Amino acid sequence: ATGAQLRVGATTTINAAGQMVTLVNPANDFTGTVSVQGKDLQIRDSNTLTAAVIATGDVSLQSTGALQVSGVVSGPDSDVLMTSGRATVFGTFDVSGSLSLVSAGPVSQILPVAGSATPAPALLVRGSSTNISAIGQSITLANSTNDFAGLVTLAGSTISLRDTNAIRIDILASSNVRSEEHTSELQSRGL
C-alpha cells in the first residue's frame with residue numbers, strides 16, 4: 001500500500017525515533033524541506049525533494065525532480081538507496097552503511113563558504129560501497145572533507161572526486177576523471 005497522498009506547501013517535520021516512516025505515495029508533493037527522524041525511512045516526492053534525515057535503519061529516497069539530501073544514517077550497516085529525476089546535491093551526509101544513487105541529472109555537493117572557518121560539507125560513507133550512476137552527467141564530489149571507506153563505483157561524463165585518505169575507485173566515464181586522495185586504487189573505463 002502506498003498510503004494517502006501528502007501535499008505540503010511548507011516544511012515537514014516528523015519525529016518518530018525508533019519507528020518506521022513510510023511516505024511512498026507517488027503523488028506526494030513536499031514543497032519545503034522534509035526533516036525526518038526515525039528508524040527505516042521511505043520518502044517519495046512527485047517533484048523536487050529536499051530531505052534532512054536522521055535514521056537508525058535503512059533509508060530510501062525517491063524524487064521525480066531534483067534531490068537534495070543531508071543528515072545522519074547511523075544504524076549498524078544501515079544503507080541508503082536514492083533515485084533522482086534531475087540534479088542531486090549532497091549537504092553534510094554521514095552514512096554508516098552503503099550508499100546507492102541513480103541520478104538523471106548532475107551530482108554535486110554544497111560547496112564550502114569561502115573564508116569561513118566552518119568545515120566544508122562532507123559526504124561520509126562508512127560502508128562497503130558507494131555506487132553513483134549519472135550516465136551522461138557530471139559527478140562532482142570534490143570537498144576535501146569527504147571520506148569513502150569502501151569501493152566507490154561512479155558512472156558519468158565528467159567526474160571529480162576527493163577523499164581525505166585512501167580510496168578504491170571504479171569509474172565508468174565518457175569524458176574526464178579527476179581524483180584527489182592520499183592513496184588510491186583506480187580503475188577507469190570509458191563509456
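In the predicted model, Thr130 touches Leu99, Val125, Phe148, Leu151, Val152 and Thr153, leaving aside residues up to four places away in sequence. Thr130 lies in strand β15, which spans residues 129–133. Its relative accessibility is 2%, and because the cut-off for burial is under 20% relative accessible area, Thr130 counts as buried.

Strand β15 pairs with β12 in the parallel sense, over four bridges. Within this pairing, the bridge partner of Leu101 in β15 is Ile132. Strand β12 covers residues 99–103, and its side chains alternate. Leu99, Leu101 and Ser103 point to one face and are buried, whereas Ser100 and Val102 point to the other face and are not buried. Strand β12 is also joined to strand β10 (residues 80–84) by five bridges, and β10 and β12 run parallel. Here the partner of Met82 in β12 is Leu101. Leu101 is thus named in a bridge with Met82 and in another with Ile132.

The largest nonpolar core contains 40 residues. The members that touch the most other members are Met82, Phe90, Phe93, Leu99 and Leu141. In soluble globular proteins, nonpolar side chains tend to be buried together. For Phe93, not counting residues up to four places away in sequence, the contacts are Val53, Val69, Ser70, Gly71, Val73, Val80, Leu99, Ala122, Leu123 and Leu124. Leu99 is therefore a contact of Phe93 as well as of Thr130, with burial taken as under 20% relative accessible area; Leu99 is among the buried residues of β12.

Val152, another contact of Thr130, is placed in strand β18, residues 151–156. Its relative accessible area is 1%, so Val152 is buried. Beyond residues up to four places away in sequence, Val152 touches Thr130, Leu161, Ile167, Arg168, Ile169 and Asp170. Val152 and Thr12 are separated by 140 residues in sequence and by 32 Å in space, C-alpha to C-alpha.

Several contacts of Val152, including Ile167 and Ile169, fall in strand β20, which runs over residues 167–173. Strand β20 is mostly covered, with five of its seven residues buried. Strands β18 and β20 pair in the parallel sense over six bridges. In this pairing, Leu154 stands opposite Ile171 of β20.

Note on methods. Residues numbered from 1 in each chain as written. Predicted model: local features only at pLDDT ≥ 70, side-chain atom pairs only at ≥ 80, totals over all residues. Heavy atoms only, no water. Core = buried A, V, L, I, M, F, W, Y, C linked by side-chain atoms within 4.5 Å. Buried < 20%, exposed > 50% of the residue type's maximum accessible area, 1.4 Å probe, protein only. Contact = heavy atoms within 4.5 Å. Helix = DSSP H or I, 4+ residues; strand = E, 2+ residues; numbered from the N terminus. Pairing = 2+ DSSP bridges.
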